[in-house]
Every structure is written in structure tokens, then in C-alpha cells.
Amino acid sequence: MRLVVGVSGGSGIPYAQAVLRALHGLGVETHLVVSSGAKRVMSAEGGPQLADLTQYAAQVHEDRDLAASVASGSYRTDGMLVVPCSAGTLAKIAHGFADNLLSRAAHVTLKERRPLVLVLREDPLPRPTLQNMLAAHDAGATVMTASPGFYHAPRDVEELLHFVTVRVLDQFGLDAPGFKRWREDGS
């Protein structure tokens with residue numbers, strides 16, 4: 001499997017790291033595109049940095065490289081995810097504004113009718129963001145929020161990150177090991 005992974009400027013870079021780590025562990029070929037906004041967030045928040053993400057990617061593309069392989073529909077992928085997806089990136093994708101590689105790759109993914117998963121990590125949600133979420137959905141994307149559940153009794157932040165990772169991977173038919181699903185034990 002080959003997936004494009006976009007990381008945009010929303011807070012929540014640990015979600016990106018967790019998803020990339022899981023995809024790497026499953027042997028998925030990932031093509032990583034990190035926006036300039038995401039790089040600024042990484043620097044400001046002091047959490048995972050660019051090297052913490054790129055170590056899990058098969059290929060890393062510069063966001064300004066509109067001639068990259070993933071900018072073309074003829075380059076076959078099995079889909080794309082954007083985690084975290086900022087409100088600005090959501091707006092670009094929802095309205096077809098492809099001014100950088102991340103938004104262009106998302107546009108191509110929709111154009112080719114491949115799965116596109118957008119994982120927002122912003123609250124509260126103002127009306128324009130809600131409208132953009134609906135527009136992205138109507139264009140064919142799956143819109144998720146990075147909202148972990150608690151029925152699996154998480155003990156730490158890693159387990160909260162894992163919950164969201166599992167839900168994202170579910171959208172591509174991938175199964176992350178080590179996750180207890182609701183009522184899976186028969187109760």
C-alpha cells in the first residue's frame with residue numbers, strides 16, 4: 001500500500017508521528033508532505049520535530065514542489081490523509097485551492113476518487129470551518145476530529161494517540177495491533 005501523508009499547521013503533531021509510526025510498522029509506503037505552517041508549529045510547541053516524522057516516511061516531498069510525483073493523478077497511491085489538518089488547509093481542500101503540494105495532492109486524491117482523510121484538531125468549530133468540513137465531505141473526503149474515546153480505559157497520552165491512529169487507519173482498511181475495540185471481548 002502507498003499513502004500520501006500530509007501534515008499541516010494545526011496543533012497536534014504528535015498525532016502525525018503516531019500515525020506515521022503505525023504505517024511504517026505495517027509496511028505501508030508513505031510519501032510525506034509537511035507544510036511550512038506545520039514546521040512553525042513544531043518549532044513553537046517543542047514536541048515532535050521534522051526528523052521525528054521523516055524517519056518513518058519512504059519519501060519526503062517539499063511542500064513547494066508542485067512537480068513532485070504525488071502532484072499527479074497518474075502517480076498511483078491508495079489515498080491520502082492529512083493529520084493534523086488545519087482549518088486553513090481544510091478550506092483549501094474543500095474549495096480546490098491547490099497552491100502548495102499538500103493541497104494539490106489532496107486535490108488529485110479527490111479527483112482520482114481515492115480515499116482522503118482529514119483529521120482536524122481545532123476547537124471550537126466556527127461556522128466557516130463547519131461549512132468547509134461539509135464541503136470537503138461533499139467533495140469525497142472523510143472528515144474526522146482528533147477526539148480520542150475513553151471506553152478502552154487509556155492509561156497515558158500514548159494510548160490516547162493510539163486510539164485516534166487506529167480510527168484513521170480503519171479508514172484505509174488497515175489494522176493497528178494492540179487496540180481493544182468496543183465489545184470485542186463479547187461483553
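A crossing of two helices is called left-handed if the near helix is turned anticlockwise from the far one by less than a right angle, and right-handed if clockwise. Helices (H or I, at least four residues) and strands (E, at least two) are DSSP runs, numbered from the N terminus.

The model is predicted, so local features need pLDDT of at least 70 and side-chain atom pairs count only at pLDDT 80 or more, while totals for chains, interfaces and linings use all residues. Residues are numbered from 1 along each chain as its sequence is written, and side-chain values use heavy atoms, with hydrogens and water left out.

**Exercise 1. Describe how helix 4 and helix 6 meet.**

Step 1: start with the geometry. Two packed helices are described by the angle between their axes and the distance between the axes. Axes are lines fitted to C-alpha atoms, for helices over the stretch in contact, and angles run from 0 to 180 degrees between N-to-C directions. For helix 4 (residues 87–94) and helix 6 (residues 127–139), the axes come within 9 Å and cross at roughly 45°.

Step 2: name the arrangement. Helix 4 and helix 6 are therefore oblique to each other (angles under 35 degrees count as roughly parallel, over 145 as roughly antiparallel, 65 to 115 as roughly perpendicular and the rest as oblique). The crossing of helix 4 with helix 6 is left-handed.

Step 3: list the residues. Helix 4 brings A87, L90, A91 and A94 to the contact, and helix 6 brings T129, N132, M133, A135 and A136 (contact means heavy atoms within 4.5 Å). By class, 7 are nonpolar, 2 polar and none charged. Here Ala, Val, Leu, Ile, Met, Phe, Trp, Tyr, Cys and Pro count as nonpolar, Asp, Glu, Lys and Arg as charged, and the others, Gly among them, as polar.

**Exercise 2. Trace the sheet and place strand 4 in it.**

Step 1: read the order. The open sheet has 6 strands in the order 3-2-1-4-5-6, with parallel pairing (two strands pair if DSSP finds at least two bridges between them). Strand 3 (59–62) and strand 6 (142–145) are at the edges with a single partner strand each, so one side of each lacks a neighbour in the sheet.

Step 2: find the partners of strand 4. Strand 1 (residues 2–7) pairs with strand 4 over 3 bridges, and V4 has M80 as its bridge partner. Strand 5 (residues 116–120) pairs with strand 4 over 4 bridges, where L81 is partnered by V117.

Step 3: check burial. In strand 4 (residues 80–85), 6 of the 6 residues are buried, so the strand is largely enclosed by the rest of the structure (buried means under 20% relative accessible area, exposed over 50%, partly exposed in between, with a 1.4 Å probe and protein chains only). M80, V82 and P84 cover one side, and L81, V83 and C85 the other.

**Exercise 3. Work out the surroundings of Y15.**

Step 1: locate Y15. It lies in helix 1 (residues 13–25) and is buried, with a relative accessible area of 12%.

Step 2: find its contacts. Neighbours within four places in sequence aside, Y15 touches V83, R121, A146, P148, L161 and V164. The C-alpha atoms of Y15 and A146 are 7.9 Å apart, although 131 residues separate them along the chain.

Step 3: look at the helix around Y15. Helix 1 and helix 7 (residues 157–170) pack at about 60° with axes 9 Å apart, in a right-handed crossing. Y15 is one of the helix 1 residues in that contact, and L161 and V164 are among those from helix 7.
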